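Colleague: Can you walk me through this one? I'd like to hear what sits behind each label.

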Amino acid sequence: MATDRTSLQERLEALKRAETDSGSMLENDKQDFNIDSKMAQAEKTLKKEVRSRERGEGESAEAPSGPVGLDIGTSHIIVAQNERRYIRTTNELNAFFTIPHSKFARNILVKNDVFFFEQDDLYYIVGYSAENFANMFDTDTRRSIKQGLLCSDEKEGLTVIQAIILSLIQKPKRLGEILCFGIPGDPIDGIGSVTYHESIIKMFINRIGFTPISINEGMAVVLSELAEHDYTGIGISIGGGMCNVCLSYLSFPVLTYSIQMGGDYIDSSAGSVVGIPATKVKAIKEKELSLIAKPKDRLTTALHIFYNELIQKLQKSMERVLSASNQIPMISKPIPIVLSGGTAMPEGFTDKFQKSLANVRLPVEISSVHLAEDPLNTTAKGALIMAMTEETPE
Amino acid sequence: MSVQVIIYSSDRIRGGILREILRRNKTETLLLDNIMDVKSAISSHKPDIAIFDTSNSLKNEINSLKHLSSSIEECFVMILGDALIINVFHDGNLWNKLFLTDPLDPEIIISKSREILSRIQENRATVKSSDHDSTTAPVIRNIENMEEKPSVADEDIDLVDHNLDIEHLESDLRQYLKLD
Ligand SMILES: Nc1ncnc2c1ncn2[C@@H]1O[C@H](COP(=O)(O)OP(=O)(O)OP(=O)(O)O)[C@@H](O)[C@H]1O
Ligand SMILES: [Mg+2]
């Protein structure tokens, strides 16, 4: 069979041209475009600013009118859509909290526009609302996905994810619109099946009315951040449940894998040492953790320790997986590493990561380490770019 | 533009990379992942080079590739893959073969392809201008004659062809065309 369909590179080039054309159409009456300014315009459009926001309480889902990027993460579910001048993302927390059935509880939930559904005599409070409830009850939220992957034995997890996705998007205006969602790489040491996770989500997305395609999460980071490096480099997403790594060469995901360790591990480990719920640790960590400043108390000391452990484990895994691989082509120039995901966000993380790289030996030379422009939205943006390069089936 | 290089690879990523680097080098390619199609594509497209990437191929696919490669005379064949597997291809016709062991080295593949394609181009031009009856003799054959020695080293270790260097080819060509 001829496999001679256009490569992702060609489709990315075509996308760049198309974006240039639509860009110049907008500005057409104002000025004439020569080739150089068109190229500059294309660069600008592909580098569109990402405007992100949390889904508002009581806000209903929208019907997308173009390709969609979707990031189903352990912590967040994010939808990205392409607007004329920017990329718009809407996110919801991927967490839930259950309380028993009662008329009184129901009235409170409805009155306060809380996002919930009923199942098996329980109210499932979902998303950011769940986090508020957990804090009120001084306990932890539950996760619909553990360490990046859906488990076949937890059917409530899937119901929660479906509810969250349906709160963000509904049936597209054009049936069969492309929706690209991120999937993790195979975990090198953990449990869970990416194939199961991917197939279940595909079935669900299909039922909403989209044509689903998937992209490796690390590859989505490369697509979103490494256009100027010819999509050659290592994209790493360090999220809530896992670290996803992809080595891409000219936009081909030559090597992908994941380790099942992320922000949740840091929160629960630090929490159990200090004796406070992980959900509280998470809030403090997100608000004020700096990896440059000296730890000021027991909690920050613990956070520093577990951050160091995460970086070491991740880099050691890179050393082992990359060295053992015979997939990597000879790459004559040093390549960049780009970091994304919420766990890469604290001040000083990139620096720490870069310094610590000196302790491992990688079979490729690294030119630089930098943080993605908008670490929480990188995967969704990369998935959107992928969706935009795909042709909608007739 | 007609297909200059046919690529066989059952490894989607490696096949894609090969196609992409050649595309960047402005070389027209056809990527196939089924050996049955390769044979017919070679006779219908008459490419100058066939690249057989053995990575990820099954044992019987390797056997078919081996048979196919030993019977091909109308174009150059580059065989890529693990050194142990490539060894299997080391008999029969070697004059039009080039063996490149893993890791995949895009730069070498490009420079070798360029070299072969430009040789063939030159050769085509020379054959055309020197041949009165201008039915083009198979150009690739002239390259065969230029190449007295097999284009691979006999030792297993040095599988990369060094005999294709330009000076060597040039002097052989001159000799063949009796220009000296
Ligand atoms: N400003 C911040 N500082 C530190 N950590 C943060 C910050 N913002 C978010 N995080 C952490 O990042 C993690 C969530 O990141 P992200 O949304 O990228 O993960 P995810 O995509 O949902 O999960 P995964 O990719 O692992 O499945 C959580 O552990 C969260 O606490
Ligand atoms: Mg993620």
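Modeller: Let's start with S224(A): leaving aside residues up to four places away in sequence, S224(A) touches T378(A), K381(A), G382(A) and I385(A), where contact means heavy atoms within 4.5 Å. This is a predicted model, with local features needing pLDDT of at least 70 and side-chain atom pairs counting only at pLDDT 80 or more, while totals for chains, interfaces and linings use all residues. Residues are numbered from 1 along each chain as its sequence is written, chains are lettered from A in the order written, and side-chain values use heavy atoms, without hydrogens and water.

Colleague: Why is S224(A) called buried?

Modeller: Buried means under 20% relative accessible area, exposed over 50%, partly exposed in between (1.4 Å probe, protein chains only). S224(A) has 11% relative accessibility, so it counts as buried.

Colleague: What makes R19(B) and E10(A) a salt bridge?

Modeller: The term asks for a side-chain nitrogen of Lys or Arg within 4 Å of a carboxyl oxygen of Asp or Glu. The side chains of R19(B) and E10(A) meet at 2.8 Å, N to O, so the pair fits the definition. Between chain A and chain B the count is 4 salt bridges.

Colleague: How many residues of each chain are in contact across that interface?

Modeller: 21 residues of chain A are in contact with 21 of chain B. The two chains bury about 1800 Å² between them, 49% of it on carbon and sulfur atoms; buried area is the accessible area (1.4 Å probe) that two parts lose on being put together, summed over both.
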